[in-house]
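Ready to poke around a protein model? Work through the exercises below with the structure open beside you, and try each one before reading its solution.

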Amino acid sequence: MGRLCQTDGLSEDQQEILKAVRRFVDEKILPVATELEHADEYPQEIVDGLKELGIFGLMIPEEYDGLGESLLTYALCVEEIARGWMSVSGVINTHFIVAYMIMQHGTEEQKQKYLPRMAAGEVRGAFSMSEPGLGSDVSAITTKATKAEDGSYSITGQKMWLTNGGTSTLIALLTKTDEGADSVYRNMTTFLVEKEPGFGEVGQGITIPGKIDKMGYKGVDTTEAIFEGHQIAADQVLGGEPGKGFYQMMDGVEVGRVNVAARACGIALRAFELAIAYAQQRETFGKPIAEHQAIMFRLAEMATKVEAAHTMMVRAAGMKDKGERNDVEAGMAKMLAAEYCNEVVQDSFRIHGGYGYSKEYEIERLYREAAFMLIGEGTSDIQKMIIGRALLKDYKLG
Ligand SMILES: Cc1cc2nc3c(=O)[nH]c(=O)nc-3n(C[C@H](O)[C@H](O)[C@H](O)COP(=O)(O)OP(=O)(O)OC[C@H]3O[C@@H](n4cnc5c(N)ncnc54)[C@H](O)[C@@H]3O)c2cc1C
């Protein structure tokens, strides 16, 4: 193990968890990742292994049968997993966000009902804000939940881009509701929607049409979801009170951003490892290419970017763990890690020469995975909006 992506001040427990995850990645993920990814095959054995390691309940409190670990521990595990295969981190990410939202905003009944089964990986979460007509602009949501006289709701609308849409059994779903508030953001409600795993009709008034064929991030299923008069009881409103959905979702997205930053760090680290190994093996003009200064400098720049992204990601996670608002730091970490990840992967690709373009080499997969880091949990443009607005408030002239 090299010197990059080390984290100071970790407890013995954290170090043990990370060691176990790294071993799992080296032994069970890396050897099969590229083959499964090319086949777009769901990594069932890997997912079963992660369940055994307790990863599905890593951050869920011990009183609900989880390991009660911090966001930092979770993010460092995600970094390790994404170093092996980014799609696997996608399998756990939406699950983790939904569990986090229930932990933070759910009623005690909802916590009792879902968290122990989520910790065991029996209930699996998906997170649904995006629609065919919107992603960045959440205020434009059209999926609507209409309240009946008995207090229950009927949900109709179309959702898009549900990571784990097929495999999940619980969707945290953002809808519009009529709360009579003057702001669109206070007229939104999050529902906890239960469904069967699979495709087609997976519940009363719920259809998951099939997997979206993607450029990368394969293996994990990403789907649409269609709701046609789905009947749901009022006690499935997250936190029991309508009108709070937007804020609950944004809280979830904030930890999701740390998670995507961690994924980008993992991909970048792997791209660096591949490049530095290849550069010592490949010879041109009578010596290993690593001995050409242009390549050595490129490796030095790549490693520096990996370290910078890791450091910012760790800081953003640590702030949330201390109970501080980390919207700016999570946005900065996500933006920087995603942009650097793409640059580092591109550099590793160049170092591989023509072989980087062959599907036999891992860098081809990382190249496609890196692109998604620029989009998921908010594009770099959206991160800049969040960071810029907060800074203007903070540094407002007297
Ligand atoms: C593989 C995959 C998995 C996903 N999983 C999920 C999921 O599980 N749950 C979920 O809810 N969503 C998910 N998404 C959706 C994802 O969050 C959105 O794609 C993302 O937020 C961008 O939204 P959009 O695609 O609608 O782009 P748009 O919002 O249409 O943006 C298009 C372009 O315009 C730019 N832009 C938009 N507004 C501004 C502005 N004000 N100023 C400057 N530039 C702007 C954007 O940066 C982008 O470059 C997933 C997407 C993908 C591809």
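**Exercise 1.** Find how many salt bridges a search of the whole structure gives, then look at the one formed by Lys-19.

*Solution.* Keep in mind that this is a predicted model. The search of the whole structure turns up 24 salt bridges. Now pick Lys-19: its partner is Glu-16, and their closest N and O atoms are 3.7 Å apart. Next, see where they sit. Both belong to helix α1 (residues 12-39), 3 residues apart, which is about one turn of the helix. Last, check the cover: Lys-19 is partly exposed at 49% relative accessible area, and Glu-16 is partly exposed at 48%.

**Exercise 2.** Work out which parts of the chain are linked by Arg-315 and Glu-329, and whether each residue is buried or exposed.

*Solution.* Start with the contact: Arg-315 and Glu-329 form a salt bridge, with the closest N and O atoms 3.9 Å apart. This pair links distant parts of the chain, since Arg-315 is in helix α7 (residues 293-321) and Glu-329 is in helix α8 (residues 327-351), 14 residues apart. Then compare each value with its cut-off. Arg-315 has a relative accessible area of 51%, and exposed means over 50%, so Arg-315 counts as exposed. Glu-329 comes in at 18%, and buried means under 20%, so Glu-329 counts as buried.

**Exercise 3.** Decide how many disulfides the structure has, and check Cys-265 and Cys-341.

*Solution.* The whole-structure search finds 0 disulfides. For Cys-265, the nearest cysteine sulfur belongs to Cys-5, 6.0 Å away. For Cys-341, the nearest one is that of Cys-265, at 8.3 Å. A disulfide needs the two sulfur atoms within 2.5 Å, so neither Cys-265 nor Cys-341 is in one. As for cover, Cys-265 is buried at 2% relative accessibility, and Cys-341 is buried at 0%.

**Exercise 4.** Describe how strands β6 and β7 pair, and what is special about the phi of Gly-205.

*Solution.* First, the strands: β6 (residues 200-203) and β7 (residues 206-208) pair in the antiparallel sense over 3 bridges. Across the pairing, Glu-201 stands opposite Thr-207 in β7. Then follow the chain from one strand to the other: β6 and β7 make a hairpin with 2 residues between them. Gly-205 sits in that turn, and its phi is positive, about 70°.

How values were computed. Residues numbered from 1 in each chain as written. Predicted model: local features only at pLDDT ≥ 70, side-chain atom pairs only at ≥ 80, totals over all residues. Heavy atoms only, no water. Buried < 20%, exposed > 50% of the residue type's maximum accessible area, 1.4 Å probe, protein only. Pairing = 2+ DSSP bridges. Helix = DSSP H or I, 4+ residues; strand = E, 2+ residues; numbered from the N terminus. Salt bridge = Lys/Arg side-chain N within 4 Å of Asp/Glu carboxyl O.
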